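Dear colleague,

I am handing over the structure we talked about, and below it you will find notes on what turned up in it. Please read them with the structure open beside you.

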Number of protein chains: 4
Amino acid sequence: MGGHCDSLRLSDRTRGEARQRLLSIRGHVEGITRMLDDESLYCVDALRQIKAVEGALHKVASLILRSHLQDHVVSAAQRGDTEEIVDELMEILKYR
Amino acid sequence: MGGHCDSLRLSDRTRGEARQRLLSIRGHVEGITRMLDDESLYCVDALRQIKAVEGALHKVASLILRSHLQDHVVSAAQRGDTEEIVDELMEILKYR
Amino acid sequence: MGGHCDSLRLSDRTRGEARQRLLSIRGHVEGITRMLDDESLYCVDALRQIKAVEGALHKVASLILRSHLQDHVVSAAQRGDTEEIVDELMEILKYR
Amino acid sequence: MGGHCDSLRLSDRTRGEARQRLLSIRGHVEGITRMLDDESLYCVDALRQIKAVEGALHKVASLILRSHLQDHVVSAAQRGDTEEIVDELMEILKYR
C-alpha cells in the first residue's frame, strides 16, 4: 500500500504456491462450514478441523515470510528503508 | 467420531454463530487468493491479511471451546468420561 | 483469589513437580543473564535460549492446566461454579 | 557458536536492557516457586503468574529480535550471509 514497498513484490514462485495453498484452505473452511450443518456435531471434532486450518495458514504465512526475508529484508540497508521494513515485520510477528 | 461423544453435541446457537463466522472467513480467504493474482502484491500486505484470518479463526475456536467447556467439560465427572474429555482438551490446546 | 476457589487446591503431586521444574527454569534464566554479560554474544543464541525457557514454562503450565481440568473443571457442574470456572479458564487460555 | 556470526554482536544497549528484564523475570519465577510451597494454592493463580512470566519473556525476545533485524538482518545481502541469517530466523520464529 504505497510508500517504500512499491517495488517490493512477492516473487512469482511464492505467489503461485501461496495461491495454491489458499485454494486448498478455502476448501477446508467450506468443509468445516458443512460439518456445522450437522446437528450431531461434536465440539472437539470442529475444534480439530479449525486447528488444522490454522496450521495450514501458518504454513502459507511462513512461506511468504521466508520469501520476504530473502528478497527484501536482507537488502533493506542497501535500499535505505530499514526502519519501515523492521517496523512492519515486528508488527506482523506480534503474537505469531 | 463415536465413543463417549455420541450424545455431546455442539449447541445450536454456537453452531449457527460459528457457521456464520466461517462463511465470512471463507470470503476473506477468497479475497486473499485474489490478491495473490496481482503481480505487484507486496509480501507484507499478504501477511497482514493472513494474520487477520488467523485472528478470525481463533475467535471461532474460542466460541466453540467456551461452549464445549460449559456444556460438556464441567459435567464430565457426573457422566464419568473425565479421562477422555481431559485428554482431548489437552490435545486441542497444544500450541494454541 | 478467594471466593469459589477456597477449597480448590493444586494437588500435592503436581505442585511438587511444578516447583521442581520452576527451580530448573530459574537456573536457566540465570544462565541467560550470565550469557548477556558477554560482549560478543550473538543475538540468535540469546533468542534460542529464551525460546527454550518459553518451552519449559509452557510445559509447567500444561501440567498445572491438566491437573486443574481433572481435579476441578470436570466437577464444576456438581459444585455449581461453572460460570466462574469457565470464565477463568477462557482468560488463561487467551493467546496461549 | 562460530561461523558467520562471529562479528555479529548484540548491541550493548539491548544487551543491558535484556539483562535487566531477565533479572526481574528471575525474581518473578522465584516468587512462583514460593507460591508453590503453599498447600492451599489455587491452580488458576499459578497459571496466571506463569502467563505473566511468558509475557515478560516474550517482551525480552521481541527486544532482541528487533535489535537483530536492525543491526544484522537488513545488512545480510551486503555481508553475503543471507542464507544462514534467514534459516536461523525462520527457526527462531517457529511457533512464536
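Arg48(B) and Asp45(B) are three residues apart in helix H2 (residues 43–71) of chain B, and they are therefore separated by about one helical turn. Their side chains meet in a salt bridge, with a distance of 3.1 Å from N to O. The two partners are not alike in accessibility, since Asp45(B) is buried with a relative accessible area of 7%, whereas Arg48(B), at 37% relative accessibility, counts as partly exposed. Please keep in mind that this is a predicted model.

As general background, side chains of opposite charge can pair when their charged atoms come close. A search of the whole structure finds 36 salt bridges over all chains, and two further examples may help you to find your way around. In chain C, the side chains of Glu91(C) and Lys94(C) meet in a salt bridge at 3.6 Å, N to O; Glu91(C) is partly exposed with a relative accessible area of 43%, and Lys94(C) also counts as partly exposed, at 42% relative accessibility.

The other example involves Arg26(C) and Glu30(D), whose side chains meet in a salt bridge at 3.6 Å, N to O. Arg26(C) lies in helix H1 of chain C and Glu30(D) in helix H1 (residues 12–35) of chain D, so this pair joins two chains. Arg26(C) counts as partly exposed at 28% relative accessibility, and Glu30(D) counts as partly exposed at 22%.

In chains A and B, Arg26(A), Glu30(A), Arg26(B) and Glu30(B) are linked in a network of salt bridges. These four are among the residues through which H1(A) and H1(B) meet, and that contact also includes Leu22(A), Ile25(A) and Val29(A) on one helix and Leu22(B), Ile25(B) and Val29(B) on the other. By class, the contact of H1(A) with H1(B) has ten nonpolar, two polar and six charged residues.

How do these two helices lie relative to each other? The axes of H1(A) and H1(B), each covering residues 12–35, come within 9 Å and cross at roughly 165°; because angles over 145 degrees count as roughly antiparallel, the two helices are roughly antiparallel to each other. Their crossing is left-handed.

Finally, you might look at Thr14(C), which is found in helix H1 (residues 12–35) of chain C. Is Thr14(C) buried or exposed? At 13% relative accessibility, Thr14(C) counts as buried, and, leaving aside residues up to four places away in sequence, Thr14(C) touches Leu63(C), Ile64(C) and Ser67(C).

With best wishes

Conventions:
Residues numbered from 1 in each chain as written. Chains lettered and ligands numbered in written order. Predicted model: local features only at pLDDT ≥ 70, side-chain atom pairs only at ≥ 80, totals over all residues. Heavy atoms only, no water. Axes fitted to C-alpha atoms, helices over the stretch in contact; angles between N-to-C directions. Parallel < 35°, antiparallel > 145°, perpendicular 65-115°, else oblique. Left-handed = near helix turned anticlockwise from the far one by under 90°. Contact = heavy atoms within 4.5 Å. Nonpolar A, V, L, I, M, F, W, Y, C, P; charged D, E, K, R; others polar. Buried < 20%, exposed > 50% of the residue type's maximum accessible area, 1.4 Å probe, protein only. Salt bridge = Lys/Arg side-chain N within 4 Å of Asp/Glu carboxyl O.
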